[in-house]
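Visitor: I am new to this structure. Please take me for a close look at the part around the ligand.

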Amino acid sequence: MTSRVTPDASAAAAGSTPPTASTPVPPPTPQETASRRMLTGDRPTGKLHLGHYVGSIQNRVHLQHEFETFLIIADLHMLTTRNTRADIDQVSQNARDMVLDSLAAGIDPERATFYLQSAIPEVSELNTLFQNLVTVPRLERVPSLKEMARDAHKEEMPYGLLGYPVLQSADILCVKAHVVPVGKDNHAHIEVTREIARRFNHLYGEVFPVPELVVSEVPTLLGTDGQGKMSKSIGNAILLSDSEAEVQRKVRGMYTDPNRVRADIPGTVEGNPVFQYHDAFNDDKDEVAELKARYRAGTVGDVEVKARLVAALHVFLEPMRERRAKYEGQSGLLDELIVDGTDRTRREVRTVVGEVRSAMGLAGTWNQLRRKAEQARRRRDA
Ligand code: TRP
């Protein structure tokens with residue numbers, strides 16, 4: 001098991017009755033499957049790496065069979081920290097790369113709907129409406145936003161960045177998603193989303209499901225430098241698209257236990273990224289246990305531990321390379337998936353925004369004004 005769905009969602013995923021040990025759970029009917037949705041995605045800032053995989057993509061690949069899947073290319077979220085013309089000019093290529101990475105990782109293009117956030121203006125409308133359902137102090141307590149501001153070298157918090165979780169709530173609720181698999185740095189955003197959904201339903205009537213967070217079983221992956229989380233901008237990432245030679249070069253250069261100057265000195269496994277990757281990607285658990293024991297005893301060198309990691313990553317990445325090659329050969333496929341997915345999502349979002357406008361009374365206000373104006377015009381013209 002790689003995902004842990006909060007209790008409500010696993011019951012939801014399995015049908016209406018919660019599973020017990022004695023009653024086998026029937027698989028969801030096609031109708032149930034169709035009506036339950038997953039939404040998640042990434043900002044189009046570059047290629048996906050192993051950290052993305054363990055944080056969220058692995059769960060997406062599993063959940064796509066149980067949930068109707070929407071994958072957002074969150075370019076409006078990118079703008080909260082990167083908004084130069086140069087950044088924006090890279091979005092289309094980054095979007096294609098992200099979609100290709102997802103397909104390589106096992107997302108089925110027949111099941112998943114990819115879409116470009118900025119091409120659906122109704123999402124921004126929902127964002128505007130949701131801004132009144134959360135307070136500034138609440139958003140100021142979201143820890144990831146301060147980190148993002150700091151990483152982007154912003155001295156003061158941009159207004160848009162403070163609203164990042166509100167826009168994310170608009171993404172999730174605009175298709176009424178039930179589950180959201182995301183990495184740890186996004187957990188607090190889903191908490192805000194749940195609050196906004198409840199607040200909306202309380203004020204205007206039941207429109208939104210309160211979505212469930214799906215957390216990863218694997219702790220946040222360290223970078224190859226062992227200094228912090230894996231991040232492409234820091235240059236400590238192994239990409240899903242890296243060649244075998246690149247993977248080998250990066251693993252050979254990985255940070256290990258700095259106190260271990262010779263192979264016969266007992267080493268430390270905890271906090272050692274080489275062993276963290278073995279735990280995450282090496283399916284041969286006996287081999288991992290044996291390597292750890294020998295490392296602690298000072299009877300295996302870093303060179304061997306790394307060579308075995310290269311081999312494990314090969315087993316893990318090779319099927320992705322094969323799928324990548326297959327999809328890469330289909331010219332225009334990625335653009336078509338994004339465009340068709342965006343059109344399809346936009347239709348869904350328009351329906352939901354229509355419901356929102358009715359529930360809030362905005363549609364009624366406008367209809368009333370329009371009726372009166374028409375009546376006045378008819379009277380005058382009569
Ligand atoms: N915040 C996500 C990230 O860290 C991207 C994102 C935007 C997202 N909207 C979303 C993820 C909705 C899940 C659901 O890149």
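Guide: Here is a walk around the ligand, followed by a look at the nonpolar cores. Keep in mind that this is a predicted model.

Start with the shell. The ligand is surrounded by 15 residues. R43, H77, Y164, D171 and N186 are the closest. By class, seven residues of the shell are nonpolar, five are polar and three are charged. Two elements each supply at least two of the shell residues: strand β2, residues 37-42, and helix α11, residues 164-173.

Now the polar atoms. The side chain of R43 places an N or O atom 3.0 Å from an oxygen atom of the ligand. Y164 has a side-chain N or O atom 2.7 Å from a ligand nitrogen. For N186, too, a side-chain N or O atom is 2.7 Å from a nitrogen atom of the ligand. How much of the ligand does the protein bury? Taken alone, the ligand exposes 360 Å², and the protein buries 95% of that.

Next, the cores. The largest nonpolar core holds 47 residues. L50, Y53, L240 and F281 have the most contacts inside it. Helix α16, residues 302-328, gives the most to this core, with eight residues.

Pick out L240. Leaving aside neighbours within four places in sequence, L240 is in contact with L48, H49, L50, Y53 and I57, among others. Its partners also include D101, A105, L317, M320 and R324.

One more stop. A second, separate core has 43 residues. L139, L145, L213 and V349 are among them.

Methods: Residues are numbered from 1 along each chain as its sequence is written. This is a predicted model: local features need pLDDT of at least 70, side-chain atom pairs count only at pLDDT 80 or more; totals for chains, interfaces and linings use all residues. Side-chain values use heavy atoms; hydrogens and water are left out. A residue is near a molecule or strand if one of its heavy atoms lies within 4 Å of it. A polar contact is a pair of N or O atoms within 3.5 Å; within protein, one must be able to donate a hydrogen and the other to accept it, and residues adjacent in sequence count only if both atoms are side-chain atoms. Accessible areas come from the Shrake-Rupley method with a 1.4 Å probe; for residues, only the protein chains shown count as cover. Helices (H or I, at least four residues) and strands (E, at least two) are DSSP runs, numbered from the N terminus. Ala, Val, Leu, Ile, Met, Phe, Trp, Tyr, Cys and Pro count as nonpolar, Asp, Glu, Lys and Arg as charged, and the others, Gly among them, as polar. A nonpolar core is a set of buried Ala, Val, Leu, Ile, Met, Phe, Trp, Tyr and Cys residues joined through side-chain atoms within 4.5 Å. Buried means under 20% relative accessible area, exposed over 50%, partly exposed in between (1.4 Å probe, protein chains only). Contact means heavy atoms within 4.5 Å.
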